[in-house]
Amino acid sequence: MGGTEHLTVQREGATLVLTLNRPEARNALSLPMLVGLHDGWLEADADDSVRSIVFTGAGGSFCSGMDLKALAGDGMAGEEYRDRLKADPDLHWKAMLRHHRPRKPVIAAVEGYCVAGGTEMLQGTDIRVAGESATFGLFEVRRGLFPIGGSTVRLARQIPRTHALEMLLTGRPYSAREAAAIGLIGHVVPDGTALAKALEIAERINSCGPLAVEAVKASVYETAEMTESDGLAAELTRGWPVFDTADAKEGARAFAEKRPPVYKRA
């Protein structure tokens, strides 16, 4: 498994756990973090034994966004990774889930600050859990900046436009309860338990047919902006082949025999 000094990679059964690990800076984005994230997403995609991904942060925070000290000219940690950015100028956008969508489900486990770039990355995840004291928000306009991680495009597609515009244009913080009320996150749990809840959800996903799970996720995203008729046609194209897999037959047999299925991605 990969990882860097600011991004740890661990396995929990069939779940790959990616942890932002720069707690002294509330997990502000750094070059080692971006490189580690980029490689972690690719590792999950390439490893068929990985069925889900949990994305979280160490030290009681998820991510406080861009390293503003570095932006102001104080230099960014991990300059030795600069060659990776030169080799792939799109690496940071892939790392932040702006230009890459993992084929496995991604579950965010949020504690503490999830603001600016943190909230932008959150929008690239599929299922979202937060501790009750978590804070969300897109603070860029307060700093004279633009939320260029995808929020002016994605946010209004994920929550009602009036809430999206208020979040984008005021730069104010949102509590976990408020974020849940507007649909930005799905679960609010006691502080310190977001990771456990995310792993619980991941385990439920892992018990399902992996080919079916990946096809369902792909269909939801690829049909999102289609007309209903085009989307339904695309759904059939994506969904019918799943019925011809060995996994589908195993699921039916297991149901008839009243036992847990054993899926083999076949």
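Q: Is Y221 buried, partly exposed or exposed?
A: In this predicted model, Y221 lies in helix 10, residues 210–222. Its relative accessible area is 30%. Buried means under 20% and exposed means over 50%. Y221 therefore counts as partly exposed.

Q: Which residues make the nonpolar surface patch of about 260 Å²?
A: One member sits in helix 10, namely Y221. The patch covers about 260 Å². Its makers are V216, V220 and Y221.

Q: At what angle do the axes of helix 6 and helix 7 cross?
A: Two packed helices are described by the angle between their axes and the distance between the axes. Helix 6 spans residues 151–158, and helix 7 spans residues 161–170. Their axes come within 7 Å. The crossing angle is roughly 145 degrees.

Q: Is the crossing of helix 6 and helix 7 left-handed or right-handed, and which residues make the contact?
A: Helix 6 passes helix 7 in a right-handed crossing. On the helix 7 side, the contact is made by R161, A164, M167 and L168. On the helix 6 side, the residues are S151, T152, L155 and A156.

Q: What separates the C-alpha atoms of E43 and M1?
A: E43 lies in helix 1, residues 31–46. M1 is 42 residues away along the chain. Leaving aside neighbours within four places in sequence, E43 is in contact with M1, G2, V9 and L16. The C-alpha separation of E43 and M1 is 7.8 Å.

Q: Is E43 buried, partly exposed or exposed?
A: The relative accessibility of E43 is 22%. The buried class ends at 20%, and the exposed class starts over 50%. E43 therefore counts as partly exposed.

Q: How far apart in space are G192 and G60, C-alpha to C-alpha?
A: G192 lies in the loop between strand 9 (187–189) and helix 9 (194–206). At 64% relative accessibility, G192 counts as exposed. G192 and G60 are 132 residues apart in sequence. In space, their C-alpha atoms are apart by 7.7 Å.

Q: How many residues apart are R11 and D47, the pair that links distant parts of the chain?
A: The side chains of R11 and D47 meet in a salt bridge, 3.4 Å from N to O. R11 is in strand 1 (residues 7–12), while D47 is in the loop between helix 1 and strand 3 (52–57). R11 is partly exposed at 29%, and D47 is partly exposed at 26%. Along the chain, the pair is apart by 36 residues.

Q: Which residue forms a salt bridge with R157?
A: R157 is exposed, at 55% relative accessible area. Its closest N and O atoms in the salt bridge are 3.7 Å apart. The partner lies 68 residues away, in the loop between helix 10 and helix 11 (228–243). At 58% relative accessibility, that partner counts as exposed: E225.

Q: Is E250 buried or exposed?
A: The side chains of E250 and R259 meet in a salt bridge, 2.7 Å from N to O. R259 counts as partly exposed, at 30%. E250 has a relative accessible area of 9%. Under 20% means buried, so E250 is buried.

Q: Which residues are joined into one network by salt bridges that share partners?
A: Side chains of opposite charge can pair when their charged atoms come close. The structure holds 17 salt bridges. Salt bridges that share partners form one network of D48, R103, E214 and R265.

How values were computed:
Residues numbered from 1 in each chain as written. Predicted model: local features only at pLDDT ≥ 70, side-chain atom pairs only at ≥ 80, totals over all residues. Heavy atoms only, no water. Patch = residues over 30% accessible without salt bridge, like charges linked within 9 Å, V, L, I, M, F, W, Y side chains within 5 Å. Areas by Shrake-Rupley, 256 points an atom, 1.4 Å probe, with all protein chains shown as cover. Salt bridge = Lys/Arg side-chain N within 4 Å of Asp/Glu carboxyl O. Helix = DSSP H or I, 4+ residues; strand = E, 2+ residues; numbered from the N terminus. Buried < 20%, exposed > 50% of the residue type's maximum accessible area, 1.4 Å probe, protein only. Axes fitted to C-alpha atoms, helices over the stretch in contact; angles between N-to-C directions. Left-handed = near helix turned anticlockwise from the far one by under 90°. Contact = heavy atoms within 4.5 Å.
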